[in-house]
Amino acid sequence: MALDSSGVLAKNSTIKEINEGWVIVAQVPFANLRGKDLAAPCALAQAHLLSAAAKSQNIYIMGYCLRPFMPQSWGFAARLGAMMDENQACWGLFQKGYCTRGCACQWQHPQQQAIVRVEFQTVQN
Ligand SMILES: [Zn+2]
């Protein structure tokens with residue numbers, strides 16, 4: 001996945017598979033951090049993830065309407081869920097990231113979920 005195909009902010013991103021999902025490590029040249037924090041590369045990577053999920057048939061970023069990304073000191077994390085049948089899906093869970101019906105919910109919750117961690121490393125150029 002090209003987090004920043006223009007190379008303006010990040011370069012050399014690598015993807016590692018972990019038990020819960022994937023870790024994407026992107027190197028950001030220190031000189032590119034205009035505000036000296038990760039806000040700009042995070043916003044760019046989050047926009048890429050949202051558009052990739054929007055193009056996908058059945059992969060959703062959980063809580064995409066409310067709070068899709070969990071900020072971390074090293075970047076952010078997101079939870080992906082697979083929707084099996086949009087007519088049976090618990091849309092509240094997919095859109096808000098939580099379901100108020102709990103165990104009593106008769107709508108489909110994702111059978112498979114994965115975590116994507118996007119970690120930024122600052123490098124000298
Ligand atoms: Zn539910």
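**Exercise 1.** State which residue Phe69 stands opposite in E5, and describe how strand E4 is joined to E5.

*Solution.* Phe69 stands opposite Ala78 in E5. Strand E4 covers residues 69–72, and 4 bridges join E4 to E5 in an antiparallel arrangement. Two strands pair if DSSP finds at least two bridges between them. The connection from E4 to E5 is a hairpin through 2 residues.

The model is predicted: local features need pLDDT of at least 70, side-chain atom pairs count only at pLDDT 80 or more, and totals for chains, interfaces and linings use all residues. Residues are numbered from 1 along each chain as its sequence is written.

**Exercise 2.** Determine the order of helices and strands along the chain.

*Solution.* Begin with the counts: the chain has 2 helices and 6 strands. These are DSSP runs, numbered from the N terminus (helices H or I, at least four residues; strands E, at least two). Read from the N terminus on, the order is β-β-α-β-β-β-α-β.

**Exercise 3.** Identify the residues of the largest nonpolar core that touch the most other members, and list the contacts of Leu80.

*Solution.* A nonpolar core is a set of buried Ala, Val, Leu, Ile, Met, Phe, Trp, Tyr and Cys residues joined through C-beta atoms within 7 Å. A residue is buried if 20 or more other C-beta atoms, placed from the backbone, lie within 10 Å of its own. Of the 19 residues in the largest such core, Tyr60, Ile61, Ala78 and Leu80 touch the most other members. Elements that each supply at least two residues of this core include helix H1 (39–55) and strand E5 (75–82). Not counting residues up to four places away in sequence, Leu80 touches Ile59, Tyr60, Ile61, Met62, Gln113, Ala114 and Val116. Contact requires C-beta atoms, placed from the backbone, within 7 Å.

Note on methods: Buried ≥ 20, exposed ≤ 12 C-beta atoms within 10 Å, placed from the backbone. Contact = placed C-beta atoms within 7 Å.
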